[in-house]
Amino acid sequence: MSRFIILGGACCALLYWIFFQPSSGSGDVASRQTLSISEEQDRIVLGWSGPVQEPMSERIAAALDRYKDDRRRLVLILNSPGGSIQHGRKVVAAIRARDRAIDTLVQKAGVCASMCVPIFLAGTTRMADPDSYFMFHQASLTSSAEENMKRKELGDAEKTLLSQTVKIIETQATDELFRNDIGIRGVNAVWLASMRRKISGRDIWMSGQDLVAEGSGIVDSLVRTPAR
């Protein structure tokens, strides 16, 4: 019985790592995050490049607040490999909390993968170059969590049960992600259900052109942009 109590504690640790990941906005991650700001005559362009991790939400929120009284059009350009589900939701909340239109754009050869997609979907108008790239896949443990679990001394039976528990948690997290974060305004429910089935155990890459051609509802309009 004691082994199962210990394992239950390990499973709780897994839940913590998946949904309440510690700050990773310093050191190497922060060095790969950039936020550019360009003021044009009729619009203000914010350009985010890097993982969806702290301090992305804080930096995006500060930039939006900086222009809260400026009536020019706001555009957020995204180029991201994805990252933390929990932090991505903070970014979405920061965008939605502003009482104004904020458009999103993925440029030619730009990437919006994994948790970047819900952030893209938070845009009032969601634009993409035909040759931009989007990626969909299952939710998974962070690399830190994986390493943490590998270091735990568990018997074969406990490892098997833990592996099964991880799969259950990842499946539930993916279902929730697709239902609450991707399956929102204008996204084709039939297309989304099909994509949910396709991603089992693999990454699915699609261009902006592909998403529009399939009637996904992810991209509102295609726009030609210069190569990044």
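Here are legends for several close-up views of a predicted model.

**View 1. The six-stranded sheet.** Let us start with the sheet that is open and built from six strands, in the order β1-β2-β3-β4-β6-β9. Its pairing is mixed. The strands at the edges are β1 (34–39) and β9 (221–222), and each has a single partner strand, so one side of each is left without a neighbour in the sheet.

**View 2. The hairpin of β1 and β2.** Here β1 and β2 form a hairpin, with three residues between them. The two strands pair in the antiparallel sense, and six bridges hold the pairing. To find your place, look for L35, which stands opposite W48 in β2. How much of β2 is covered? Five of its seven residues are buried, so the strand is mostly covered by the usual cut-off of under 20% relative accessible area.

**View 3. From β2 through β3 to β4.** Moving along the sheet, β2 and β3 run parallel and are joined by seven bridges. In this pair, I44 stands opposite L74 in β3. Strand β3 (residues 73–79) also pairs with strand β4 (residues 102–106), again in the parallel sense, over four bridges. A handy marker for this second pairing is V75, opposite D103 in β4. If you are following side chains along these strands, a general point may help: in a regular strand they alternate between the two faces of the sheet.

**View 4. Helix α3 across the sheet.** Helix α3 (residues 56–66) lies across β1, β2 (43–49), β3 and β4. Its direction is at about 15 degrees to that of β1. Which residues of α3 are buried? They are M56, S57, I60, A61, A63 and L64. Seen down the helix axis, these buried residues fall within an arc of 165 degrees, so they line one face of α3. An α-helix has 3.6 residues a turn, so residues three or four places apart point the same way. What do the buried residues of α3 pack against? The partners are the strands β1, β2, β3 and β4, together with the helices α4 (85–96) and α5 (116–121).

**View 5. The three-stranded sheet and helix α8.** This close-up turns to an open sheet of three strands, with the order β5-β7-β8 and mixed pairing. Both β5 (111–113) and β8 (204–207) stand at the edges with a single partner strand each, so one side of each is left without a neighbour in the sheet. From one strand to the next, the twist averages 20 degrees. Strand β7 (residues 133–136) and β8 run antiparallel and are joined by four bridges. Within that pair, F134 stands opposite M206 in β8. Helix α8 (residues 189–198) packs on this sheet and touches β7 and β8. The direction of α8 makes about 140 degrees with that of β8.

**View 6. The surroundings of W191.** Zoom in on W191, a residue of helix α8. Is W191 buried or exposed? Its relative accessibility is 8%, so W191 counts as buried. Leaving aside neighbours within four places in sequence, W191 is in contact with F136, M206, L211, E214, S216 and I218. G217 is also worth locating here: W191 and G217 are 26 residues apart in sequence, and their C-alpha atoms are 8.6 Å apart in space.

**View 7. The enclosed cavity.** How many cavities of 30 Å³ or more does the structure hold? There is one. The largest cavity has a volume of about 40 Å³. Its lining is made up of S114, V117, M135, F136, H137, L177, F178 and I182. At least two residues of this lining come from β7, and at least two from α7 (156–182). The largest share, three residues, is that of α7.

**View 8. The second largest pocket.** The final close-up shows the second largest pocket, with a volume of about 320 Å³. Its lining counts 19 residues, and those nearest its centre are S36, V45, G47, I77 and Q107. Each of β1, β2 and β3 supplies at least two residues of this lining. Which strand gives the most to the lining of the second largest pocket? That is β2, with five residues.

Methods
Residues numbered from 1 in each chain as written. Predicted model: local features only at pLDDT ≥ 70, side-chain atom pairs only at ≥ 80, totals over all residues. Heavy atoms only, no water. Pairing = 2+ DSSP bridges. Contact = heavy atoms within 4.5 Å. Axes fitted to C-alpha atoms, helices over the stretch in contact; angles between N-to-C directions. Buried < 20%, exposed > 50% of the residue type's maximum accessible area, 1.4 Å probe, protein only. Arc of directions from axis to C-beta. 1 Å grid on protein atoms, 1.4 Å probe; cavity = no way out; pocket = protein on both sides within 12 Å on 5 of 7 lines; lining within 4 Å. Points joined across faces, edges and corners; volume = space filled by probe spheres on them.
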